[in-house]
Amino acid sequence: MRAQPKASHFIDGEFVEDAAGRVIESIYPATGEVIARLHAATPAIVEKAIAAAKRAQPEWAAMSPTARGRILKRAAEIMRERNRELSELETLDTGKPIQETIVADPTSGADSFEFFGGIAAAALNGEYIPLGQDFAYTKRVPLGVCVGIGAWNYPQQIACWKGAPALVAGNAMVFKPSENTPLGALKIAEILIEAGLPKGLYNVIQGDRSTGPLLVNHPDVAKVSLTGSVPTGRKVYEAAAAGLRHVTMELGGKSPLIVFDDADLESAIGGAMLGNFYSTGQVCSNGTRVFVQKKIKESFLKRLKERTEAIVIGDPMDEATQLGPMVSKDQRAKVFSYIEKGKAEGARLLTGGGIPNHVSGEGTYIQPTVFADVTDEMTIAREEIFGPVMCVLDFDDEAEVVARANATEFGLSAGVFTADLTRAHRVVDQLEAGTLWINTYNLCPVEIPFGGSKQSGFGRENSVAALNHYTELKTVYVGMGRVEAPY
Ligand code: NAD
């Protein structure tokens, strides 16, 4: 098996196996080949990982932020040196084309280590509060043992986006990748050790939806950060609430992307395609409801169809390939069921909808698909599909489109394409979402906060803001005079 790791779990600086755990087969989505066979964590493995994290954390927290940051920056360098190897592994894990993984996966993980390593020395300061002769000060203190639970669309990125702020703030982490993509996080854990991270601070254990609760309910866990779907978010939030644990929820979306008739057409089409087809549509912040103003609807659709049909689908390891398979058979079957619903409910299939002709065998390929004449009440316009399916809706005016864009339980992202600067800002002001773009889409550099509102979650990843979610404030009041008691 060409991607078999030394063992399933990485705990206390070492690979660890417990063959009593359920078998997890790692499948390369482009061929159906089994590339690794791992075991889900048993309760004993979960205990071992949390115990290692708990033991290692106090000493790590006692180090200066600068010293912690230095280790993370070294990890970023190693990731960049091994970008090709890590990108190939990410492609095997997910099926995403190497053209993407080489620029968007380990590199964005490395950005995260570099950014948080770099700001450590300045961003964890407290405040001095003058109170007359008395004063107070605040300290930002780590939470302790943090659990990270990942989705399968960006396994290495998610492992780093959660790990970097948690570690730099002085916490320890136990990370559980998705059962669909178990491999990348193990490499991140190894690289952190190589960079000098003390043992026990970044542990990876494998498992599925039955393993997650063992972590979330553990009494020694202070915080849970989940990237996953809204239904999973509800369960994890509920379980964490029972122990009053801190949570960050990075959940799903059905984000609106609004194209006004004065927009640069090619640019807006490019944004809509990136925001629906990148990573074979498996991106939480995708702008899957594309609202196009009526005047430009037909010209938008004509060019969109041409450009979509020119997308290069094929072997993910070929650098010319632009669209790879979906992560799994189950996920593709789910997407096909939505395509059928779209047709049955009267949407117009503009292009796609099936399996590409030239790919065969066990690969979980699917054509990039566009539906036109989609209306707000159709299932494909309301539910997250999480595949390469774009819904194009049309609209007359600004007030109408803002109201329709907001008529959803989700609130992850939104985008606006227009040449009118004041309109762009007026519209984003009214859109209910956590991360918004004007005249571009889906760019998430580490410098900017990323996260959702409404049912799409809360808490933020990336930027200085993420540190607030991995620390709590300790306030110290200092009395400088005598205590005058009335009794
Ligand atoms: P999922 O919700 O099925 O699983 C996510 C993770 O949670 C997996 O590791 C899974 O094993 C674990 N899990 C499932 N049930 C659990 C439970 N009861 N307790 C603890 N852990 C549990 O999601 P998925 O199918 O892996 O990923 C796709 C979803 O993730 C989409 O909805 C997508 O929008 C969302 N997502 C969100 C973001 C974001 O940043 N907002 C990023 C990527 C993906």
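Here is a short back-and-forth on how some labels in this predicted model are earned.

User: What are the ground rules here?
Analyst: This is a predicted model, with local features needing pLDDT of at least 70 and side-chain atom pairs counting only at pLDDT 80 or more, while totals for chains, interfaces and linings use all residues. Residues are numbered from 1 along each chain as its sequence is written, and side-chain values use heavy atoms, with hydrogens and water left out.

User: Why is Ser-26 called buried?
Analyst: Buried means under 20% relative accessible area, exposed means over 50%, and partly exposed is in between (1.4 Å probe, protein chains only). Ser-26 has a relative accessible area of 0%, so it counts as buried. It sits in strand β3 (residues 23-27); strands are DSSP runs of E, at least two residues, and helices are runs of H or I, at least four, numbered from the N terminus.

User: What makes Ser-26, Ile-27 and Asp-93 a set?
Analyst: The unreviewed UniProt entry lists these three under "binding site". UniProt positions follow the numbering used here, feature names are shortened, and annotations may be inferred rather than shown by experiment.

User: How do you know that they gather at one spot?
Analyst: No two of their C-alpha atoms are more than 7.3 Å apart although they span 68 residues in sequence, so they do gather at one spot. Contacts fit that picture: leaving aside neighbours within four places in sequence, Asp-93 is in contact with residues including Ser-26 and Ile-27. Contact means heavy atoms within 4.5 Å.

User: Is Asp-93 buried or exposed?
Analyst: Buried: Asp-93 has a relative accessible area of 0%. Its place is in helix α3 (residues 83-94).

User: Why is α3 called roughly antiparallel to α7?
Analyst: Two packed helices are described by the angle between their axes and the distance between the axes. Axes are lines fitted to C-alpha atoms, for helices over the stretch in contact, and angles run from 0 to 180 degrees between N-to-C directions. The axes of α3 and α7 (residues 184-194) come within 9 Å and cross at roughly 155°. Angles under 35 degrees count as roughly parallel, over 145 as roughly antiparallel, 65 to 115 as roughly perpendicular and the rest as oblique. The crossing at roughly 155° is over 145, so the pair counts as roughly antiparallel. Asp-93 turns up here too, as one of the α3 residues making the contact, with Gly-184 among those from α7.

User: Why does Asn-83 count as buried?
Analyst: Asn-83, also in α3, has 13% relative accessibility, and that is under 20%, so it counts as buried. Among residues beyond four places away in sequence, Asn-83 touches Ile-102, Pro-106 and Thr-107.

User: What makes the phi of Asp-373 worth a look?
Analyst: Most residues other than glycine have a negative phi. Asp-373 is not a glycine, yet it has a positive phi of about 55°. It lies in the loop between β15 and α13 (379-382), and its relative accessible area of 30% falls between the cut-offs, so it is partly exposed.

User: Which loop holds Ser-463?
Analyst: The one between β19 (457-458) and α16 (465-468). Ser-463 also has a positive phi, about 65°, without being a glycine, but it is buried, at 4% relative accessible area.

User: What makes β14 and β18 edge strands?
Analyst: Each pairs on one side only. Two strands pair if DSSP finds at least two bridges between them. The open sheet they belong to runs β14-β15-β16-β13-β12-β17-β18, with mixed pairing.
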